[in-house]
Amino acid sequence: MAISITSGIEHPPLLVLLADGEVHSGEWLAAELGQTRAAVWKGVERLRAIGIEVQALARRGYRLARPVELLDARRISAELAADRRPHLHNLELLFEVGSTNTRLLSSTPPPPGTADVCMAELQHAGRGRLGRRWIAPFGGGLAMSLGWTCSDVVRTLPALSLGVGVAVSRALARAGALGISLKWPNDIWFNDRKLGGVLIELRAEAGGPAHVVIGVGINVSLPADARREIEAGAVAVAAVADACRVLPSRNLLAGAILDELLSMLLQYQQHGFAAFRDAWTALDGLNGRAAQVVVGDSAILGIARGVDSDGALLLETGDRMQRFVSGEASLRLIHG
């Protein structure tokens, strides 16, 4: 089966010319685009209006605040192993979208055993867990979603986010990241700081298969102002750039994540979480540490003791072990 690439991505030509982060004169840009300098100025304003920072330097021209590697469907798909390629049904790249998860959830599910994937340069309504807003500066992250058809949603879903975490951590290792860990149930960590997250949603009809959509958001590189904005929401944040000696290509990273997700899903479909429990345990950033789990209005304090065979978090509280299949876990300091 050949991969269907409905790229759909049409980067504004002005953005393509500015992507290298160098200063380009209005005259040169106008000549390259076959436009007037007034039209170039209007194009700059349009980019600014959608959140892309373009700097104007007096008598010199324009440049992006920082260089950006634009997404490229062929470079992404080149990272897929030969035996994974037949399982990618469609790869769609968009310049702008409300939410990649929402887009896939509202579309027709892919054929069983194959995935539909959507990635976007700009995501205006990205979501994290519990309805939180996902902040990603242009060119500084990855927003991707993968749609998959599950026939056994009861067996598949409970620990699927943990399997996704393992897949993403493997992709990050391929890209040169060191020191990556996972926080139950949905976070990718570097030095106890959130580098990325997973959001799994589904649409199911009684008696039929479920359309599961896996959303992955990754901070690739974050400028100081974006870090401040995110941390204003009481989230300690990190980026792939913090974990790598050399910043990897966004396309390489996107392709590696997609490749590892496909590999994980094919194994998960056959063996469930058992195929990933040891790998997840080795990456568990909470294990053996004081933690708090919030469920509804209740906060339970204890020592995290890993996960069980179903992916439920185990929390030692006094003389007993409590098991959590949902909730919000976080580190907590022990006060003597």
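Is Arg227 buried or partly exposed? At 22% relative accessibility, Arg227 counts as partly exposed, because buried would require a value under 20%. The model on screen is predicted, and the tour starts at this residue.

**Stop 1: Arg227 and Asp242**

Select Arg227 together with Asp242. Their side chains form a salt bridge, with an N to O distance of 2.9 Å. The two residues sit 15 residues apart, Arg227 in helix H8 (residues 224–231) and Asp242 in helix H9 (residues 240–243), and the pair links distant parts of the chain. Asp242 is partly exposed, at a relative accessible area of 34%.

**Stop 2: Asp192 and Arg289**

Next, select Asp192 and Arg289. Here too the side chains meet in a salt bridge, at 2.7 Å from N to O. Both residues lie in loops: Asp192 between strand E8 (187–190) and strand E9 (193–204), Arg289 between helix H11 (277–283) and strand E11 (290–295). They are 97 residues apart. Asp192 counts as partly exposed at 33% relative accessibility, and Arg289 counts as partly exposed at 32%.

**Stop 3: helix H7**

Select residues 160–174, which make up helix H7. The helix has 15 residues and spans 21 Å from its first C-alpha to its last, close to the 21 Å expected at 1.5 Å a residue. H7 is mostly covered, with 12 of its 15 residues buried. Among the buried residues are Leu160, Gly163, Val166, Ser169 and Leu172. Then pick Gly176, which follows H7 and has a positive phi, near 100°.

**Stop 4: from H7 to H10**

Keep Arg174 of H7 selected and add Asp259 of helix H10. What joins their side chains? A salt bridge does, at 2.7 Å from N to O. The partners are 85 residues apart and link distant parts of the chain. Asp259 is buried, with a relative accessible area of 2%, whereas Arg174 is partly exposed at 38%.

Extend the selection to Glu79, Asp83, Arg84 and Glu260. With Arg174 and Asp259, these residues are linked in a network of salt bridges. The whole structure has 18 salt bridges.

**Stop 5: the nonpolar cores**

Now select Met119, Leu146, Ile218 and Leu258. These are the residues with the most contacts inside the largest nonpolar core, which has 88 residues. Helix H10 (residues 250–271) gives the most to this core, with 11 residues. Another core, of 7 residues, lies apart from it; select Leu94, Val97, Cys118 and Val213, which are among its members. In soluble globular proteins, nonpolar side chains tend to be buried together.

**Stop 6: Asp308**

Finish at Asp308, in the loop between strand E12 (298–307) and strand E13 (313–317). Asp308 counts as buried because its relative accessibility is 13%, under the 20% limit.

What does the side chain of Asp308 reach at 2.9 Å? The partner is the backbone nitrogen of Asp310. The Asp308 side chain also makes a polar contact with the side chain of Arg323, at 2.5 Å. Beyond its neighbours within four places in sequence, Asp308 is in contact with Phe273, Arg277, Leu314 and Arg323. Select those four with Asp308 to display its surroundings.

Definitions and conventions:
Residues numbered from 1 in each chain as written. Predicted model: local features only at pLDDT ≥ 70, side-chain atom pairs only at ≥ 80, totals over all residues. Heavy atoms only, no water. Helix = DSSP H or I, 4+ residues; strand = E, 2+ residues; numbered from the N terminus. Buried < 20%, exposed > 50% of the residue type's maximum accessible area, 1.4 Å probe, protein only. Polar contact = N/O pair within 3.5 Å; in protein donor to acceptor, adjacent residues only side chain to side chain. Contact = heavy atoms within 4.5 Å. Core = buried A, V, L, I, M, F, W, Y, C linked by side-chain atoms within 4.5 Å. Expected span 1.5 Å × (residues − 1). Salt bridge = Lys/Arg side-chain N within 4 Å of Asp/Glu carboxyl O.
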